[in-house]
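This report concerns a single chain and its predicted model. The text below treats its domains, its nonpolar core and its backbone geometry in turn.

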Amino acid sequence: MMMENKFEVALTKELCPLCIKELDGPLIMNKRLTKNDAKEVKNLHKQVIGFSDEPCKECKSHLELGFMIIGFDEDQSDLKNLPWGFYRTGKIVVVKKDSPLVKHLNNLQPRSKELGFIFMDDKTMKELNLIK
Ligand SMILES: [Zn+2]
């Protein structure tokens with residue numbers, strides 16, 4: 001008779017919500033000890049299961065130093081499912097928190113002040129000379 005695993009542990013991956021770097025996600029185990037549940041868990045091993053609640057270490061240090069402007073591509077984004085739906089282009093600029101631009105952005109989106117970052121489409125970033 002073949003041994004059938006009824007218990008599995010998966011080490012999952014999550015993405016930094018700001019720079020989409022892969023981070024270690026939670027360990028997942030099946031709670032019901034059935035073959036099917038175990039198999040589902042096994043399939044999650046090393047898979048990206050979503051966005052992390054917390055930004056990665058690098059982004060956290062960016063947030064301490066300044067205000068992050070995170071680029072996205074509007075055409076490829078799922079704008080009905082934000083902020084997860086932002087198609088992040090990997091363009092990230094850190095600007096001084098007390099710069100006129102940041103003050104302006106904070107006025108446009110009051111929550112951005114508390115968050116310390118804002119999503120901005122690449123076209124606007126180019127217009128503002130934040131990126132080339
Ligand atoms: Zn990050």
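## Domains, core and backbone

In this predicted model, the domain assignment divides the chain into domain 1, residues 9-51, and domain 2, residues 66-127. Taken over C-alpha atoms, the centres of domain 1 and domain 2 are separated by 29 Å. Domain 1 contributes four residues to the contact, and domain 2 contributes six residues. On the side of domain 1 that touches domain 2, the residues divide into four nonpolar, no polar and no charged.

The largest nonpolar core has eleven residues: L18, C59, F67, M68, I69, I70, F72, F86, F117, M120 and M125. Two strands, β4 (67-72) and β6 (117-121), each supply at least two residues of this core. The largest share comes from β4, with five residues.

One of the core residues, I69, can be followed through its contacts. Leaving aside residues up to four places away in sequence, I69 touches V93, V95, I118, M120, M125 and L130. Of these partners, M120 and M125 are also listed in the largest nonpolar core.

The backbone has a cis peptide bond between L82 and P83, with omega of about 5°. P83 is placed in the loop between β4 and β5, the latter spanning residues 88-95.

Positive phi values in residues other than glycine are described next for I20 and N129.

| Residue | Phi | Location | Other C-beta atoms within 10 Å |
|---|---|---|---|
| I20 | near 55° | loop between β1 (9-15) and β2 (22-29) | 18 |
| N129 | about 60° | segment after α5 (122-127) | 7 |

How exposed are I20 and N129? I20 is classed as partly exposed because its count of 18 other C-beta atoms within 10 Å falls between the limits of 12 or fewer for an exposed residue and 20 or more for a buried one. N129 has 7 other C-beta atoms within 10 Å and is therefore exposed, since the limit for that class is 12 or fewer.

The locations of these two residues complete the description. I20 is found in the loop that links β1 to β2, whereas N129 belongs to the segment that follows α5.

Conventions
Residues numbered from 1 in each chain as written. Predicted model: local features only at pLDDT ≥ 70, side-chain atom pairs only at ≥ 80, totals over all residues. Core = buried A, V, L, I, M, F, W, Y, C linked by C-beta atoms within 7 Å. Helix = DSSP H or I, 4+ residues; strand = E, 2+ residues; numbered from the N terminus. Contact = placed C-beta atoms within 7 Å. Domains from an automatic or database assignment. Nonpolar A, V, L, I, M, F, W, Y, C, P; charged D, E, K, R; others polar.
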